[in-house]
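Student: I would like to learn how to read a few features of a structure, beginning with backbone angles and moving on to an interface. Could you take me through them one at a time?

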Amino acid sequence: MSTGVAEHDTKHETLPARPPELAMHFDNMHQQFHSGKLGMWLFLGQELLFFCGLFTAYAVYRGNHQEMFHYAHYFLDTKMGAANTVVLLVSSLTAAWSVRCAMLEQRKGLLITLALTFLCAGAFMVVKYFEYAHKLHIGAVWGGGFHVQTADLPPELLAKYPEMTGEKLKDMGVGSFFAVYFCMTGLHGLHVLVGMGLYIWLFIRALKGHFNRRWYGAVDNVALYWHIVDIIWIFLFPLLYLIG
Amino acid sequence: MSEAHAAHDDHHGQLPGTIGHVSPWQTLVKVLVTLLILTVITVGIAQIDLGRLNVVGAIGVACIKASVVTLWFMHLRYDKRFNFFILIGSFALVAWMIGYILFDTMLYQHNVQDYKRDRQAPATP
């Protein structure tokens with residue numbers, strides 16, 4: 001009986017120390033990290049397919065109604081779109097930098113980069129708010145609800161087509177463009193809001209002293225999500241704002 | 001050119017036992033500058049009327065930007081190959097769906113036009 005106890009004790013001593021961050025269903029930190037990352041990539045692959053439906057709708061509408069897209073693109077402010085592109089690209093840098101800080105265990109740097117990413121996302125939403133508010137105000141909305149007065153038409157549009165009226169645009173079905181526009185940018189904006197929530201969560205965890213060189217999966221995976229949101233915008237910006 | 005720099009940075013920066021590859025901050029900044037330059041290029045191209053080439057150019061530059069983001073910001077260059085194939089597979093499905101549906105809708109477009117014309121015909125005999 002005493003030998004049994006002795007055996008049990010030695011067995012216990014030879015077991016490698018289990019890091020407190022290692023979940024019970026993983027063998028080691030590597031497996032835990034790469035499993036999480038695999039799951040994230042599968043989710044991101046699915047996110048692209050999710051947005052693909054809207055890009056397809058865009059392509060079909062555009063392919064069949066080029067003139068509608070031409071007139072409608074005057075309603076979008078390229079400067080605001082470009083500003084948002086720059087803001088999102090900078091936030092992608094800070095997101096990538098936050099992963100670097102987490103890996104190097106630079107807590108202060110991690111907190112700063114997480115906060116900056118959140119602020120850039122916030123700036124994006126503020127610009128988005130002004131764009132949406134203006135469109136809703138003049139009545140540039142989806143489907144049959146489109147009711148822009150001729151006086152409210154973009155000056156560039158009237159300068160090039162002086163005979164254009166709000167009625168003509170409505171009959172042409174420009175509301176369909178705005179249905180596509182609001183669905184695409186709205187779904188993207190929703191992703192930005194989710195990302196902002198995730199960055200608050202990461203910030204609180206970083207404040208609590210979570211994350212180290214072998215346990216930074218959450219920072220890495222949220223950054224991956226954030227980069228995909230950036231990539232979607234990289235396609236949305238030229239397709240909606242630039243080509244007319 | 002940045003290889004020596006990267007190795008230098010990693011040698012000094014990376015803590016022992018770190019999982020994954022630490023990106024040197026110089027690389028990250030270079031990636032951002034590249035993306036900003038590409039943004040300027042895409043806005044510039046859009047100001048010139050090239051007809052159908054405008055769409056091709058805009059999507060082409062966007063694809064380059066997306067590749068730069070995935071390869072460096074998303075670490076795909078240093079990641080497991082399997083994750084790379086998930087992304088490529090997803091993009092292939094996206095291209096297939098958009099391409100096939102566009103092809104289909106264009107193929108039947110003349111029927112839609114004929115239908116519209118036929119409906120207008122009795123009204124103006």
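**Backbone angles and an interface**

Tutor: In this predicted model, H75(B) lies in the loop that runs between helix 3 and helix 4 of chain B.

Student: What is the phi of H75(B)?

Tutor: The general idea is that most residues other than glycine have a negative phi. Here, H75(B) has a positive phi, near 65°, and it is a residue other than glycine. H75(B) has a relative accessible area of 10%, and because the cut-off for buried is under 20%, this residue counts as buried.

Student: Where is F211(A) placed, and what is its phi?

Tutor: F211(A) sits in the loop between helix 8 (174-207) and helix 9 (217-242) of chain A, and its phi is positive, about 75°, although it is not a glycine. With a relative accessibility of 10%, F211(A) counts as buried.

Student: How many residues of each chain are in contact at the interface, and what area is buried there?

Tutor: There are 54 residues of chain B in contact with 50 residues of chain A, and the two chains bury about 4500 Å² between them, with 80% of it on carbon and sulfur atoms.

Student: Which residues form the salt bridge across this interface?

Tutor: The rule finds one salt bridge between chain B and chain A; K37(A) forms it with D79(B), and the closest N and O atoms are 3.8 Å apart.

Student: Which helix of chain B supplies the largest share of the side that touches chain A?

Tutor: Helix 4 of chain B does, with 14 residues, and by class that side of chain B has 34 nonpolar, 16 polar and four charged residues.

Methods:
Residues are numbered from 1 along each chain as its sequence is written. Chains are lettered from A and ligands numbered from 1 in the order in which they are written. This is a predicted model: local features need pLDDT of at least 70, side-chain atom pairs count only at pLDDT 80 or more; totals for chains, interfaces and linings use all residues. Side-chain values use heavy atoms; hydrogens and water are left out. Contact means heavy atoms within 4.5 Å. Buried area is the accessible area (1.4 Å probe) that two parts lose on being put together, summed over both. A salt bridge is a side-chain nitrogen of Lys or Arg within 4 Å of a carboxyl oxygen of Asp or Glu. Helices (H or I, at least four residues) and strands (E, at least two) are DSSP runs, numbered from the N terminus. Ala, Val, Leu, Ile, Met, Phe, Trp, Tyr, Cys and Pro count as nonpolar, Asp, Glu, Lys and Arg as charged, and the others, Gly among them, as polar. Buried means under 20% relative accessible area, exposed over 50%, partly exposed in between (1.4 Å probe, protein chains only).
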